[in-house]
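Student: Hey, can you walk me through this one? I'm new to it.

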Amino acid sequence: KRLTLWRERKKPPRCRIFVAREEGGKICGTAMCYSCPSLTEEGRPFLVVENVVVSEECRGMGVGRLLF
């Protein structure tokens, strides 16, 4: 089973990009997330969140919190 987990772990992580938009369609924030299988915990996936970015004019409005 560990060999199977290792093979899964060697595959490229699945990347998802989340986008927050204003009602008019303007992008105000983004977040990149990678789902990776764990070598422990029986292969349950874990999530890596990177590059959470909110435009200056949208800061303080909870956009970053919504992206999480």
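Tutor: Here is a short tour, one topic at a time. This is a predicted model, where local features need pLDDT of at least 70, side-chain atom pairs count only at pLDDT 80 or more, and totals for chains, interfaces and linings use all residues. Residues are numbered from 1 along each chain as its sequence is written, and side-chain values use heavy atoms, with hydrogens and water left out.

Student: Cool. In what order do the strands sit in the sheet?

Tutor: The order is β1-β2-β3, in an open sheet with antiparallel pairing. Strands here are DSSP runs of E, at least two residues long, while helices are runs of H or I with at least four, and both are numbered from the N terminus. Two strands pair if DSSP finds at least two bridges between them.

Student: Which strands stand at the edges?

Tutor: β1 and β3, each with a single partner strand, so one side of each has no neighbour in the sheet.

Student: And how many bridges join β2 to β3?

Tutor: Eight. To pick out one contact, Gly29 has Val54 in β3 as its bridge partner.

Student: New topic: how many salt bridges are there?

Tutor: The count is one, taking a salt bridge as a side-chain nitrogen of Lys or Arg within 4 Å of a carboxyl oxygen of Asp or Glu. Glu57 pairs with Lys26, and their closest N and O atoms are 2.7 Å apart. Glu57 lies in the loop between β3 and α2, and Lys26 in the loop between β1 and β2, so the pair ties together parts that are 31 residues apart in sequence.

Student: Is Lys26 buried, exposed or partly exposed?

Tutor: Lys26 is partly exposed, at 43% relative accessible area. Buried means under 20%, exposed over 50%, and partly exposed in between, using a 1.4 Å probe and protein chains only.

Student: What about disulfides, how many are there?

Tutor: Zero, where a disulfide is a pair of cysteine sulfur atoms within 2.5 Å.

Student: Why doesn't Cys33 bond with Cys15?

Tutor: Because the sulfur of Cys33 is 7.9 Å from the one in Cys15, its closest cysteine sulfur, and that is too far for a bond. Cys36 also has its closest cysteine sulfur in Cys15, at 9.9 Å, again too far. Cys33 is buried at 6% relative accessibility, and Cys36 is buried at 6% too.

Student: Last one: is Leu47 buried or exposed?

Tutor: Leu47 is exposed, with a relative accessible area of 55%, and its place is in strand β3, residues 45-54.
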